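Me: I have a structure open and want to learn how to read it. Where do we begin?

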Amino acid sequence: MTTTSHDEYILTLRCKDTTGIVVNVSSFLAQNDGFILDSQQHADLATEQFFMRVRFHDAGRCPTLQCLRDDFAPLAEKFQFDWVIEKVNKKPRIIIAVSKGSHCLNNLLYRWRTGSLPVEIAAVISNHQTLEHMAKWYDVPFIHLPVEDDSKRAEQEDAIIALMEEKKADYLVLARYMQILSDTMVQRVKGRCINIHHSFLPGFKGARPYHRAHERGVKLIGATAHFVTADLDEGPIIEQAVERVDHRDSPQDLIRIGRDIEAQVLARAVSWVAEKRVFINGNRTVVFR
């Protein structure tokens, strides 16, 4: 079959694991002339949770997205699904927060501009003006929201939330944003905030982690992208990568390699979230790659 004349959709759902979920969802799609293009599912025996992602196209029985949702609702009610059906081409809107490091921001902007990152970038915000020129080069709005001292932090975070609401942003992406979000802010963006950090944590917290890792003679360096929680740098992991290094690599070599990995890992995490491949499962994630 061909997809050229049909709308494509993605159905995602999670629920308490039980028998009959897959066959009922598949039967619903078949009865509605839905043609499955890709289907993945996972049953977590430890949490008794079931996760499913189905990409399909509709052959015309349901002429609108709302019709499709209305028809699916009784089945969702029967199994108590937490579910979403969206068109494949619906791109989430993101706001990128950054400080002075440009590597993750530049990579996200480049991928977005070339069409390989399935998001809409609504704005770039920063507590510094260092990277304003980069955002302007990509024709993305840049908003300077300085953090003068801790007494003003609540006002700055209120401004970020207000901007997310104004821009209708679905996610806040911390692209080496070197500020710790307050617990109140973390709760306001729960499940909607993605962070990137080097893989040395929690071993080398604070300043100059690559230099201290070099002094210890580490053999693997990498990066972790995760959802932000109140536990600093310990939220549900979306993606990780590592690269082997050795005694010949200087601290500057480690920094260069680490930045490349950070940029790639963050881009993959944002892309997978945008494609509705990521489910938060307690302190972990389910990622349908």
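**Strands, helices and contacts**

Reply: Start with one pair: Ala 43 stands opposite Phe 50 in β3. This model is predicted, so local features need pLDDT of at least 70 and side-chain atom pairs count only at pLDDT 80 or more, while totals for chains, interfaces and linings use all residues. Residues are numbered from 1 along each chain as its sequence is written, and side-chain values use heavy atoms, with hydrogens and water left out.

Me: What do labels such as β3 stand for?
Reply: Strands (E, at least two residues) and helices (H or I, at least four) are DSSP runs, numbered from the N terminus.

Me: How do strands of a sheet pair?
Reply: They pair through backbone hydrogen bonds, either parallel or antiparallel. Two strands count as paired if DSSP finds at least two bridges between them. Here, 10 bridges join β2 to β3 (residues 49-58), and the two run antiparallel. Asp 44 has Gln 49 in β3 as its bridge partner. This hairpin of β2 and β3 has four residues between the strands, and Glu 48 takes a positive phi near 60°.

Me: Which strand does β1 join, and by how many bridges?
Reply: β1 joins β3 through nine bridges, running antiparallel. Glu 8 stands opposite His 57 in β3.

Me: What is the strand order of the open sheet of four strands?
Reply: The order is β2-β3-β1-β4, with antiparallel pairing. β2 (34-44) and β4 (82-87) stand at the edges, each with a single partner strand, so one side of each has no neighbour in the sheet. From one strand to the next, the twist averages 10°.

Me: Is β3 mostly covered or mostly uncovered?
Reply: Use the burial classes. Buried means under 20% relative accessible area, exposed means over 50%, and partly exposed lies in between (1.4 Å probe, protein chains only). β3 is mostly covered: nine of its 10 residues are buried.

Me: Which strands does helix α1 lie across?
Reply: First, the rules. Axes are lines fitted to C-alpha atoms, for helices over the stretch in contact, and angles run from 0 to 180 degrees between N-to-C directions. Contact means heavy atoms within 4.5 Å. Now the case: α1 (residues 21-31) lies across β1 (8-16), β2 and β3, at about 15° to β3. Helix α2 (residues 65-79) also packs on the sheet and touches β1, β3 and β4. The direction of α2 makes about 165° with that of β4.

Me: What is the order of the open sheet that seven strands form?
Reply: Read it as β7-β6-β5-β8-β9-β10-β11, with mixed pairing. The edge strands are β7 (142-144) and β11 (237-244), and each pairs on one side only. Here the twist averages 20° from one strand to the next. One parallel pair is β5 (residues 93-98) with β6 (residues 120-126), joined by six bridges. In it, Ala 97 stands opposite Ile 125 in β6.

Me: Which strands does α8 lie across?
Reply: They are β5, β8 (171-174), β9 (193-198), β10 (220-227) and β11. α8 runs at about 150° to β11.

Me: At what angle do α7 and α8 pack?
Reply: Angles under 35 degrees count as roughly parallel, over 145 as roughly antiparallel, 65 to 115 as roughly perpendicular, and the rest as oblique. α7 (residues 209-216) and α8 pack at about 120°, with axes 9 Å apart. The two are therefore oblique to each other. The contact includes Tyr 210 of α7 and Glu 262 of α8.

Me: How far apart are the axes of α3 and α8?
Reply: The axes of α3 (residues 103-113) and α8 are 9 Å apart, and the helices pack at about 45°. These two are therefore oblique as well. Among the residues that meet are His 103 and Cys 104 in α3 and Glu 262 in α8.

Me: Is Glu 262 buried or exposed?
Reply: Glu 262 sits in α8 (residues 251-274). Its relative accessibility is 2%, so Glu 262 counts as buried. Leaving aside residues up to four places away in sequence, Glu 262 touches residues including Arg 176, His 197, His 198 and Ala 223.

Me: How many disulfides does a search of the whole structure find?
Reply: A disulfide is a covalent bond between the sulfur atoms of two cysteines. The test is a pair of cysteine sulfur atoms within 2.5 Å. The search finds zero.

Me: Why does Cys 193 have no bond to the closest cysteine sulfur?
Reply: That sulfur, in Cys 104, is 14 Å from the sulfur of Cys 193, too far for a bond. Cys 193 is buried, with a relative accessible area of 1%.
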